[in-house]
Amino acid sequence: MDTRMPFTLVGPCEFREEIRKSRFITLAAPIASPADAQAFIEQHSDLNATHNCWAWKLGSQYRSNDDGEPGGTAGRPILAAIEAQEFDQVAVLVIRWYGGIQLGTGGLARAYGGGANKCLQQAERLPLIRRASFHLECSFSELALVKLRLAELNGLVEHEEFTANGVQMAIAIGPEHVDTLRRQLADLSRGRILLHKAATE
């Protein structure tokens with residue numbers, strides 16, 4: 001089953017609010033890889049804040065973190081907001097400065113999820129290109145060229161794993177570019193690199 005949502009963000013966005021003396025800043029940005037998400041979170045987290053809670057979604061991959069808040073009261077509501085707003089390829093960070101009044105688990109979930117919702121609601125959306133998922137294997141020496149060809153066709157590397165024999169990759173590419181990529185991969189590898197359609201659930 002293809003779980004990709006139809007929108008990503010045009011660019012970064014921000015939303016600020018105060019709830020019972022706790023200050024919340026929500027930051028969101030488009031991402032193209034898990035590394036992008038981690039870099040965004042590390043770059044914008046405030047070490048002086050009480051909590052830096054976050055979630056990101058990239059196709060079928062997703063992560064969330066409560067950063068010390070009670071389990072399930074921060075990261076999961078942020079992720080739920082991303083999905084409810086029909087976003088993909090997006091990371092959201094909610095920074096909280098505790099104001100001395102406890103919000104309770106329900107209040108925390110509403111604060112974190114609500115901040116993410118409001119931030120994404122006011123953001124400019126970009127319709128996502130629909131992509132199909134494939135697997136391929138290549139040698140270490142071919143990896144850079146494979147990634148270049150994929151990028152030229154606006155494809156994504158969803159996962160890569162290094163093995164003793166080379167690199168196994170999960171990629172996503174627009175259906176209209178599949179035949180072109182097949183030809184290019186065959187040309188650069190003398191026919192050894194084959195695209196295999198990913199199994200659907």
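**Figure 1. The salt bridge between Lys118 and Glu17.** Glu17 is buried, with a relative accessible area of 18% (buried means under 20% relative accessible area, exposed over 50%, and partly exposed in between, for a 1.4 Å probe and protein chains only). Its partner Lys118 is partly exposed, at 37% relative accessible area. The two side chains meet in a salt bridge of 3.2 Å, N to O (a side-chain nitrogen of Lys or Arg within 4 Å of a carboxyl oxygen of Asp or Glu). Because Lys118 lies in helix H3 (residues 104–121) and Glu17 in strand S2 (residues 13–19), the pair ties together parts that are 101 residues apart in sequence. Helices (H or I, at least four residues) and strands (E, at least two) are DSSP runs, numbered from the N terminus. The model is predicted, with local features requiring pLDDT of at least 70 and side-chain atom pairs counted only at pLDDT 80 or more, whereas totals for chains, interfaces and linings use all residues. Residues are numbered from 1 along each chain as its sequence is written, and side-chain values use heavy atoms, with hydrogens and water left out.

**Figure 2. Further salt bridges, formed by Arg16 and Arg149.** The structure holds 6 salt bridges, including the two shown here. Arg16 pairs with Glu14, their closest N and O atoms being 2.4 Å apart. Arg16 is exposed, with a relative accessible area of 52%, while Glu14 is partly exposed at 36%. In the second pair, the closest N and O atoms of Arg149 and Glu152 are 3.4 Å apart. These residues are separated by about one helical turn, because they stand 3 residues apart in helix H4 (residues 143–152). Arg149 is partly exposed, with a relative accessible area of 23%.

**Figure 3. Strand S6 and its pairing partners.** Strand S6 spans residues 90–97, and 8 of its 8 residues are buried. One side carries Val90, Val92, Val94 and Arg96, and the other Ala91, Leu93, Ile95 and Trp97; both faces are covered. S6 pairs in the antiparallel sense with strand S3 (residues 22–30) over 8 bridges, and with strand S4 (residues 51–58), also in the antiparallel sense, over 7 bridges. Two strands pair if DSSP finds at least two bridges between them. Within S6, Ile95 is the bridge partner of Ile25 and also stands opposite Asn52.

**Figure 4. The two domains of the protein chain.** Domain 1 covers residues 7–127 and domain 2 residues 132–197, with bounds from an automatic or database domain assignment. Their C-alpha centres lie 33 Å apart.
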